[in-house]
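User: I would like to go through this structure step by step. Please keep the answers short and show the reasoning.

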Amino acid sequence: MALSPRVPELGALELLLAVARLGSVGRAAAELGVSQPTASARIKGMERQIGVPLLDRSPRGSRPTEAGRLVVEWARQVVEAAQALDAGIDALRERRDARLTVVASLTVAEYLMPGWLLALHATNPGTAVTLRTANSADVAGHVLAGEADLGFVEGPLPPAGLAGAVVAADRLVVVVAPDHPWSRRRAPLSGRELAATPLVLREPGSGTREVLEMALAPYGGAASPRLELASSTALKAAAMTGAGPVCLSELAVVEELATRRLVAVRLAEELDLRRPLRAVWPSGQRPTGPARELLALTRRTAGTHQARMAQARTLPPKAARRAPGPSDRPALRARPDRSSKS
């Protein structure tokens with residue numbers, strides 16, 4: 001049932017209670033942080049609204065009329081109930097702000113999220129964080145279903161129904177084992193050659209697979225994969241054992257490239273395998289609490305991440321970790337015989 005227009009607003013009731021307690025409109029105004037004329041006008045407006053005088057005014061102060069004392073008593077119950085509601089809302093917000101559920105694509109979860117969450121813990125040590133991993137398509141589903149406060153996906157555009165912000169950039173690389181023929185090729189690999197080659201790939205629905213398929217679409221699309229695997233670790237292991245060329249995130253192979261356990265294949269400039277990494281949330285909403293703080297933190301560290309990846313590309317590879325072979329041993333040279341006399 002709608003309230004009658006004769007019911008005063010909560011602020012006016014708080015003012016009436018302060019006047020009844022302090023005995024003065026001026027002192028009540030000072031306590032509530034308003035001017036005395038404003039307080040007087042509010043009391044008079046409330047009297048007109050209710051239809052009865054509420055205060056007896058005199059040079060010595062103000063005190064409730066007989067009707068005013070009844071309204072004061074009713075007002076006290078209303079204000080106390082509002083204060084209880086306010087305290088309950090604060091408690092709910094504190095409980096919400098003490099928990100954060102994040103769902104992220106595998107690349108983000110494995111290579112970026114640990115650092116972000118450590119930084120979040122440094123500023124919000126009381127926040128309990130739950131991190132779930134899924135491919136980008138499933139991340140979108142979890143966020144849309146309200147099962148996560150924030151999601152992280154890989155791909156050129158936010159999934160349907162979600163708003164987002166780019167928090168980092170990544171690129172895909174094609175890697176092979178050191179003894180693969182592509183590791184020794186001098187000419188860059190063309191888009192047509194890559195499209196025609198069965199690769200070891202992530203499963204459908206992953207951001208990695210989506211970006212690669214979009215890049216190869218002008219060349220007739222990617223060939224049927226040699227293998228489909230669900231993690232970067234499995235892809236790297238397949239490449240190192242000679243299963244075939246693998247396409248995966250540059251983030252995932254920094255160490256393997258530095259130690260020559262894998263070799264990056266130079267690609268033609270026509271192939272653009274860069275991709276943004278995005279934070280996503282339901283359209284029409286904005287992240288709040290710890291989710292908003294995590295989002296701000298990822299943006300602050302984006303430049304640092306890009307600089308670190310650029311530096312990693314310019315580092316010379318470390319010596320391959322293998323046992324020395326015959327070609328590694330120094331050649332033996334004959335020493336002159338100094339025992340004979342001429």
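User: Is phenylalanine 152 buried or exposed, and at what relative accessibility?

Analyst: This is a predicted model, so every value here is computed from predicted atoms. Buried means under 20% relative accessible area. Phenylalanine 152 falls under that cut-off and counts as buried, at a relative accessibility of 1%.

User: How many residues of β5 are buried?

Analyst: Leu150, Phe152 and Glu154 point one way from β5. Gly151 and Val153 point the other way, and these are buried too. The strand is mostly covered, and the buried count is 5 of 5 residues.

User: Which strand is joined to β5 by 3 bridges, and which by 4 bridges?

Analyst: Take the parallel pairing first. Valine 103 has glycine 151 in β5 as its bridge partner, and 3 bridges join β5 to strand β3, residues 99–104. In the antiparallel pairing, glutamate 154 has leucine 277 in β11 as its bridge partner. So the strand with 3 bridges, running parallel, is β3, and the strand with 4 bridges, running antiparallel, is β11.

User: The count comes to 1 aromatic pair; is it stacked, edge-to-face or tilted?

Analyst: A pair of aromatic rings is described by the distance of the centres and the angle of the planes. The rings of tryptophan 116 and phenylalanine 152 have their centres 5.5 Å apart and their planes at 40 degrees. Planes under 30 degrees apart count as stacked and over 60 as edge-to-face. The angle here lies between those limits, so the pair is tilted.

User: How many residues apart are tryptophan 116 and phenylalanine 152?

Analyst: Tryptophan 116 is in helix α6, and phenylalanine 152 is in strand β5. Tryptophan 116 is buried, at 7% relative accessibility. The pair links distant parts of the chain, and its separation is 36 residues.

User: In helix α6, what arc do Met113, Trp116 and Leu120 cover around the axis?

Analyst: Met113, Trp116 and Leu120 are buried in α6, residues 113–123. An α-helix has 3.6 residues a turn, so residues three or four places apart point the same way. On the other side of α6, Leu118 and Ala122 are exposed. The buried residues are on the same side of α6 because they cover an arc of only 65 degrees.

User: Which residue forms a salt bridge with glutamate 154 at 2.5 Å, N to O?

Analyst: Glutamate 154 lies in strand β5 and its partner in strand β11, residues 274–282, so the pair ties together parts that are 121 residues apart in sequence. Glutamate 154 is buried at 2% relative accessibility. The partner is buried at 3%. Its name is arginine 275.

User: Which third residue joins Glu154 and Arg275 in one network of salt bridges?

Analyst: The network comes from salt bridges that share partners. The third member lies in strand β6, residues 162–176. At 6% relative accessibility, this residue is buried. It is Asp170.

User: With which side chain does the side chain of aspartate 170 make a polar contact at 2.7 Å?

Analyst: Aspartate 170 touches several residues beyond four places away in sequence, including Thr107, Ser249, Leu273 and Arg275. The polar contact is between side chains, at 2.7 Å. The partner of aspartate 170 is serine 249.

User: Which residue meets arginine 21 in a salt bridge, and how many salt bridges does the count come to?

Analyst: Arginine 21 is in helix α1, residues 10–22, and its partner is in helix α2, residues 25–32, so the pair ties together parts 10 residues apart in sequence. Arginine 21 is exposed, at 54%, while the partner is partly exposed, at 44%. The partner is glutamate 31, at 2.6 Å, N to O. The count comes to 12 salt bridges.

User: What separates the C-alpha atoms of glycine 23 and glycine 61?

Analyst: Glycine 23 sits in the loop between α1 and α2. Leaving aside neighbours within four places in sequence, glycine 23 is in contact with Ala18, Gly61 and Ser62. Glycine 23 and glycine 61 are 38 residues apart along the chain, and their C-alpha atoms are separated by 5.7 Å.

Conventions:
Residues are numbered from 1 along each chain as its sequence is written. This is a predicted model: local features need pLDDT of at least 70, side-chain atom pairs count only at pLDDT 80 or more; totals for chains, interfaces and linings use all residues. Side-chain values use heavy atoms; hydrogens and water are left out. A salt bridge is a side-chain nitrogen of Lys or Arg within 4 Å of a carboxyl oxygen of Asp or Glu. Helices (H or I, at least four residues) and strands (E, at least two) are DSSP runs, numbered from the N terminus. Buried means under 20% relative accessible area, exposed over 50%, partly exposed in between (1.4 Å probe, protein chains only). Contact means heavy atoms within 4.5 Å. A polar contact is a pair of N or O atoms within 3.5 Å; within protein, one must be able to donate a hydrogen and the other to accept it, and residues adjacent in sequence count only if both atoms are side-chain atoms. The arc is that of the directions from the helix axis to the C-beta atoms. Rings of Phe, Tyr and Trp (its six-membered ring) pair if their centres lie within 6.5 Å; planes under 30 degrees apart count as stacked, over 60 as edge-to-face and the rest as tilted. Two strands pair if DSSP finds at least two bridges between them.
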